[in-house]
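Please open the model in the viewer and keep the sequence panel visible. The tour proceeds by selections, each followed by a description of what is found there.

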Amino acid sequence: MLESYVVVDLEMTGLRAKTDRILEIGAVKVENHQITETYQKMINAGIKIPKEVQKLTGITDEMVAAGVEESEAVEGFFDFCRGFPLVGHNIIFDYSFLKQYAVNHKVTFEKNGIDTLKLSRKFLLELEKKTLDYLCEYLKIERNQNHRALEDARATYVLLEYLREKYAEQEPEAFRPLPLLYRAKKQSPATERQKRHLKELAEYHKIELDIDIETLTKSEASRKTDRILAQYGKMPKA
């Protein structure tokens, strides 16, 4: 029976692990069904926060600017959850971002996990929706702020314990952590030539870039350059 685990929730700039970035990590460590430790880090992602993300989460550019480096936050979380299975609401979504970081930085990160979204779909058939927001409202799980990583991790812990107490005896296999599978392809940093070209384009067209060039991957730099060329055109040849 699952007694000890780590619940994790991430806030990101978007929905794709290959192109978007982690903004915040929140997690609770659970031992013998009780929270014993918490983890929360805001990450300076080197990018302006999209307005829709600011509206959803309340995370601002100023908050992110005061955050830590991605390596400190993510690798700190890897240490925090070492030896514990992961739990999350749609856990593979959060895991995909963590796995992408691990692959990019040649860090081993293989975990077993339990998905409270899948459990909710299995056991709470009568409910119209299975989103964390809906389930928190239905089960009266309190959160100080929705769509913030630590608060959502705490709420997911309460949800899992509710489901475990109600259904684990009749279907214990549903609460057994299974390997989390996500295949990530390594992303290489942008080349010096790419970064130089992007800087020159921005300066020529008098564009203020919304991302730290030094943090770009090759594919990100290519996409950013292509967008500028499509919107503003090429620089004249010397």
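In this tour, a residue counts as buried under 20% relative accessible area, as exposed over 50%, and as partly exposed in between. With a relative accessible area of 31%, D210 is therefore partly exposed. The model is a predicted one, and D210 will be selected again at a later stop.

**The sheet**

Begin by displaying the strands in cartoon form. Six strands make up an open sheet with mixed pairing, in the order β3-β2-β1-β4-β5-β6. Select residues 34-42 and 178-179 to mark the edges: β3 and β6 each have a single partner strand, so one side of each is left without a neighbour in the sheet.

Next, select residues 5-12 and 22-31. These are strands β1 and β2, which run antiparallel and are joined by eight bridges. For a reference point in this pair, label V7, whose bridge partner in β2 is V28.

**Two helices across the sheet**

Add residues 70-80 to the display. This stretch is helix α3, which lies across β1, β2, β3 and β4 and runs at about 165° to β3. Then add residues 91-104, helix α4, which lies across β1, β2, β4 and β5 at about 75° to β1.

Which residues of α3 are buried? Show the side chains of A73, V74, F77, F78 and F80, which are the buried residues of this helix. They lie on the same side of α3, because the arc they cover around the axis is only 165°. Their packing partners are β1, β2, β3, β4 and α4.

**The nonpolar cores**

Nonpolar side chains tend to be buried together in soluble globular proteins. To inspect this aspect of the model, select I25, F77, L86 and F109; within the largest nonpolar core, which has 26 residues, these touch the most other members. The elements that contribute two or more residues to this core are β1, β2, α3 and α4. Helix α4 supplies the largest share, with six residues.

Centre the view on I25 and display its surroundings. Leaving aside residues up to four places away in sequence, I25 touches several residues, among them V8, L10, Y39 and I43, as well as A73, V74 and F77 of α3. A149 is also one of the residues that I25 touches.

Now move to C136, Y157, L160 and F175. These belong to a second, separate core of 25 residues.

**Salt bridges**

The count of salt bridges in the model comes to 17. Select E208 and K48 to view one of them, in which the closest N and O atoms are 3.7 Å apart. E208 lies in the loop between α8 and α9, and K48 in the loop between β3 and α1, so the pair ties together parts that are 160 residues apart in sequence. E208 counts as exposed at 65% relative accessibility, whereas K48 is partly exposed with a relative accessible area of 43%.

Proceed to helix α7, residues 149-167, and select R164 and E161. Their side chains meet in a salt bridge of 2.7 Å, N to O. The two are separated by about one helical turn, because they are three residues apart in this helix. Are R164 and E161 buried or exposed? Both R164 and E161 are buried.

Return to D210 and add K224. These form a salt bridge whose closest N and O atoms are 2.6 Å apart. D210 lies in the loop between α8 and α9 and K224 in helix α9, so the pair ties together parts that are 14 residues apart in sequence. D210 is partly exposed, while K224 is buried, with a relative accessible area of 17%.

To complete this stop, select E192, K195, K199 and E214, which are linked in a network of salt bridges.

**Backbone with positive phi**

Most residues other than glycine have a negative phi. Where is N32 placed? Zoom to the loop between β2 and β3, where N32 is located. The phi of N32 is near 55°, a positive value in a residue other than glycine. At 52% relative accessibility, N32 counts as exposed.

The final selection is K206, in the loop between α8 and α9. Here, too, phi is positive, near 55°, in a residue other than glycine. K206 counts as exposed, at 76% relative accessibility.

Definitions and conventions. Residues numbered from 1 in each chain as written. Predicted model: local features only at pLDDT ≥ 70, side-chain atom pairs only at ≥ 80, totals over all residues. Heavy atoms only, no water. Pairing = 2+ DSSP bridges. Contact = heavy atoms within 4.5 Å. Axes fitted to C-alpha atoms, helices over the stretch in contact; angles between N-to-C directions. Buried < 20%, exposed > 50% of the residue type's maximum accessible area, 1.4 Å probe, protein only. Arc of directions from axis to C-beta. Core = buried A, V, L, I, M, F, W, Y, C linked by side-chain atoms within 4.5 Å. Salt bridge = Lys/Arg side-chain N within 4 Å of Asp/Glu carboxyl O.
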